[in-house]
Amino acid sequence: MTTPERWPGDAYPLGATWDGRGTNFSVFSEVGERVQLCLLDAEGHEERVDLTEVDGFCWHAYLPGVGPGQRYGFRVHGAYQPAQGSRCNPAKLLLDPYAKAVEGEVGWGQSVYGYQLGGPDEDSTPDDSDSLAAMPRSVVVDTEFDWEGDQQLRTPWHETVVYEAHVRGLTKLHPGVAPELRGTYAGMTTPAVLQHLHRLGVSAVELLPVHQFVHDHVLVRRGLRNYWGYNSICYLAPHNQYSAAGQGGQQVDEFKTMVKGFHRAGIEVILDVVYNHTAEGSNLGPTLSFRGLDNAAYYRLRQDDPRHYMDYTGTGNTLNMLHPHVLQLIMDSLRYWIQEMHVDGFRFDLAAALARELHDVDRLSAFFDIIQQDPVINQVKLIAEPWDVGEGGYQVGNFPPLWSEWNGKYRDTVRDYWRGAERGVAEFAYRLTGSSDLYASNGRRPFASLNFVTCHDGFTLHDMVSYDGKHNQANGEDNRDGSDDNRSWNCGVEGETQDPQVTSLRAQQQRNLLATLMLSQGVPMLLAGDEFGRTQQGNNNAYCQDNEISWVDWSLADSNSELLAFTRQMVHLRHDHRVLRRRRWFEGVPLHGQGVSDIGWFTPQGNEMTDEEWGQGFVKSMAVFLNGTAIVATDSRGRALKGASLCILFNAHSEAVEFRLPRIEWGDGWHLEVSTHDPAVAQPPPQYHAGDAIPVAARSLVVLMRRA
């Protein structure tokens, strides 16, 4: 390689920026004494260019003639003093934190570690073996792309139905996707997939992590992979192994094409992002990027022992949200995915870790303050996973007004109700109506609650009604990994069975959970494959299973077509009835002086629920009336919203219960809309009137509807 011409360049923007004539390179390192840009060719030859210009600890240069497709990395010379928190090692090629594309993957071995493995004193002895041959490369990209007028969809939260999916797992086994496109960004928007999502009625896909991530050394040794991808290393680069086009930067355009395809189908794209930790792990982890650039700036180190990391994430490290350059990296990353990649929102993994100022979780930390005032980021959907693994990390209900949250209390309460756990129905009522006890006090709306009964982490819907305990032996950890608090019920037999009574009950329980999810105020989220009974054979922690355990089995769409049809019915029922998509809280009091309430709660005998009945743990049956003519909010043009009223009869008892429709002022003439016991509702549907007796089968619910 010939030595390229070098101009001073600029400190900002950070990363590699192609302007049509050359590329500006800039990287932050406060501890670096000398920083080298390493240009790499396809054969792995390296040309090192010293970055002699430094402004505000950003080392930079402009290289005319260097453009898209150029592979590169950095080397940082400086102190290797782990006890003082410094881990510079110029023998290690480093990925650019601002790389927009990455080629290759980590080749595990001694060379990617900054210290000598098995040394006499933990990580004190630096390793001088060169990691060039074992490291992936950052790639210069051209960000120009023909969006053809595409822009974010901005679907209102109360109109949103989220579908949590994995880029690889959703299409890997899909017979309607061309083999070369399965498991890729391109495969996600093939007609067969889009048709399924359209018929299902979802309005947004929430993708498990697509930032460039690393397969952990310990998993690779076991022949496994980091399938979920919660092991990020580059926050601006789409993961290269999900690209059908290749790894030399083509994955960027492929990702953009995917987003454009979803938007044309009316579906938003939400990314699960992991800004709380990186793939470099604990002090005994590899040196891939941040650690070698400026360890003490990027990571939270223990004040009494800077050799070791504060670990609020369970992964060995926590990003240092107290440092301005770390905050800048995250904000730059978020804005890039919004402005350049057109995504519609983010779900923040272990978001409580991002709120830790010193040790305690601070809802008004710098991170949330900056997002609150950012005119780009505060316009998209923001979802918090409101916990981490540190002390005081469970923060459901405590995030600021802009944010929605994965409502873990919703998941637990709904699971407990349908498995028959002894707890009062009052909490179930709160969850059904949007969790006002968690979100109403600080001006938030029902859409602050992102409701789910299953997600990628835990049992699938099928497994939740088929297994009492986890079965994670395939993970290679002797079934020690994964949660033991599953709140599941196997309906009498552990695992798969041909017993018709058990399989019938399991199908009914799945319908109960799906129906409850779609009948609840807030924002529902479906786990991909639950709509037709996907199973992981009882594995509730399939993070390392890049195989049939985790991939969606599309043959189930035929064999479990009744469940798929029911799921579609419930999603479209939600879309059809405004009273299920309220923007404001129920008030439960008479409105407009007419003696009519927006919501009412009744016993099976038709009487209003008493305070004593609300507190009784054995109560498992109740009726709720949702008044579609008492929706206080207006539409976007200020017009009054009126719609059908619904009456939902819940019976989680092990025996059938006879309900009587109460005599109330909400009108008469109800017809059967949904029965989870017998989903094939007769046509024309049965009609009911005030005072009529309605039998509701054991462990089932019934939805009655009255037109406005």
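**Exercise 1.** In this predicted model, find which residue of S27 stands opposite Trp601.

*Solution.* Start at Trp601 and look across to S27: the residue opposite is Val624. Now try Phe602, whose bridge partner in S27 is Ala623. Then step back to view the strands themselves: S26 and S27 (residues 621-626) run antiparallel and are joined by four bridges.

**Exercise 2.** Follow Ala623 into S30 and name its bridge partner there.

*Solution.* The partner of Ala623 in S30 is Leu649. The strands S27 and S30 (residues 645-651) pair in the antiparallel sense, over six bridges. Next, place these strands in their sheet: six strands form an open sheet in the order S26-S27-S30-S35-S32-S33, with antiparallel pairing. Its edge strands are S26 (599-602) and S33 (687-688), each pairing on one side only.

**Exercise 3.** Decide whether the two faces of S27 are covered or open.

*Solution.* Recall a general rule: side chains in a regular strand alternate between the two faces of the sheet. On one side of S27 you find Ser621, Ala623 and Phe625, and on the other Met622, Val624 and Leu626. Residues on both sides are buried, so both faces are covered. Counting along the strand, six of the six residues of S27 are buried.

**Exercise 4.** Locate Glu340 and classify its exposure.

*Solution.* Glu340 sits in the loop between helix H7 (324-339) and strand S19 (345-348). Its relative accessibility is 30%, so Glu340 counts as partly exposed. Finally, look at its companions: Glu340 forms a negative surface patch with Asp142, Glu144 and Asp253.

Notes. Residues are numbered from 1 along each chain as its sequence is written. This is a predicted model: local features need pLDDT of at least 70, side-chain atom pairs count only at pLDDT 80 or more; totals for chains, interfaces and linings use all residues. Side-chain values use heavy atoms; hydrogens and water are left out. Patches are made of residues with over 30% relative accessible area and no salt bridge: like charges are joined within 9 Å, nonpolar side chains (Val, Leu, Ile, Met, Phe, Trp, Tyr) within 5 Å. Accessible areas come from the Shrake-Rupley method with a 1.4 Å probe; for residues, only the protein chains shown count as cover. A salt bridge is a side-chain nitrogen of Lys or Arg within 4 Å of a carboxyl oxygen of Asp or Glu. Lys and Arg count as positive and Asp and Glu as negative; His and the chain ends are not counted. The place of a charge is taken as NZ of Lys, CZ of Arg, CG of Asp or CD of Glu. Buried means under 20% relative accessible area, exposed over 50%, partly exposed in between (1.4 Å probe, protein chains only). Two strands pair if DSSP finds at least two bridges between them.
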